[in-house]
Amino acid sequence: MKKTLYGKLLYVMSMVLLSLAAALLFEPEEGIFRMHVIANSDSAADQAAKLAVRDAILDYERGMGDTDSAGEVKARLMEDGKGLCAAIDRVLLERGMDYSAELHIGTYDFPDREYGGRLYPAGKYQALRVILG
């Protein structure tokens, strides 16, 4: 009887620990708002357009002023999504692309990335996803 009770207790404790680990691993990173631009294809022209769109978004963001939180960035993008779309469309038109972009805000998986000497670990992040084409 002791072995059965001990086994059940061990099982319950294991499940609790696994649940806590899963919650920590799959929670979106707080305070960080990332961006992912997805190219129309792997062609050199589409990849160059992707990088130009990324740069245009970063320039546009700088014009929005400083923000203190991911929530504030998200709110600003929701308020002025048309302005950002117009900036992206200008870049695509300048590059001779015959497609536009879709903008989505959500929680997405990201791999490890280093930006400006800071490592952003793999995980789920609130992000702007821009799909070209």
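1. Which residue follows α2, and what is the sign of its phi? The residue is Gly65, and its phi is positive, near 90°. This value, like the others in this note, comes from a predicted model.

2. Overall make-up. The protein chain has four helices and five strands, arranged along the sequence as α-β-α-α-α-β-β-β-β. It is 133 residues long, and 26% of these count as buried.

3. Length of α2. This helix takes in residues 44-63, 20 residues in total. At 1.5 Å a residue the expected span is 28 Å, and the C-alpha atoms at the two ends lie 29 Å apart, so the two values agree.

4. Buried side of α2. Asp46, Ala49, Ala52, Val53, Ala56, Ile57 and Tyr60 are the buried residues of this helix. They sit on the same side of α2, because the arc they cover around the axis is only 145°. On the face turned away from that buried side, α2 carries Ala44 and Arg62, both exposed.

5. Ala49. This residue belongs to helix α2. Its relative accessible area is 0%, and Ala49 therefore counts as buried, the cut-off being under 20%. Met97 is 48 residues away from Ala49 along the chain, yet the C-alpha atoms of the two are separated by 8.0 Å.

6. Nonpolar core. In soluble globular proteins, nonpolar side chains tend to be buried together. The largest nonpolar core here has 22 residues, and those touching the most other members are Val53, Ile57, Ile88, Leu92, Val130 and Leu132. Two or more residues of this core come from each of β1, α2, α3, α4 (81-94) and β5 (123-132). The largest share is that of α2, with six residues. Val53 and Ile57 also appear among the buried residues of α2.

7. Largest pocket. Its volume is about 1000 Å³. The lining consists of 31 residues, and the closest to the pocket centre are Phe33, Arg34, Met35, Leu58 and Tyr115. At least two lining residues are supplied by each of β1 (29-38), α2, α3 (70-79), β2 (101-110), β3 (113-115) and β4 (118-120).

8. Character of the pocket lining. Sorted by class, the lining of the largest pocket has 16 nonpolar residues, ten charged and five polar.

9. Where the two regions draw on the chain. Helix α2 gives residues to the largest nonpolar core, and α2 also supplies at least two residues of the lining of the largest pocket. Strand β1 and helix α3 are likewise listed for the core and for the pocket lining.

Key. Residues are numbered from 1 along each chain as its sequence is written. This is a predicted model: local features need pLDDT of at least 70, side-chain atom pairs count only at pLDDT 80 or more; totals for chains, interfaces and linings use all residues. Side-chain values use heavy atoms; hydrogens and water are left out. The expected span of a helix is 1.5 Å times one less than its number of residues. Buried means under 20% relative accessible area, exposed over 50%, partly exposed in between (1.4 Å probe, protein chains only). The arc is that of the directions from the helix axis to the C-beta atoms. On a 1 Å grid over the protein atoms alone, a cavity is a set of points where a 1.4 Å probe fits but cannot get out, and a pocket is an open set with protein on both sides within 12 Å along at least five of seven lines; lining residues have an atom within 4 Å of a point. Grid points are joined across faces, edges and corners, and a volume is the space filled by probe spheres set on the points. Ala, Val, Leu, Ile, Met, Phe, Trp, Tyr, Cys and Pro count as nonpolar, Asp, Glu, Lys and Arg as charged, and the others, Gly among them, as polar. A nonpolar core is a set of buried Ala, Val, Leu, Ile, Met, Phe, Trp, Tyr and Cys residues joined through side-chain atoms within 4.5 Å.
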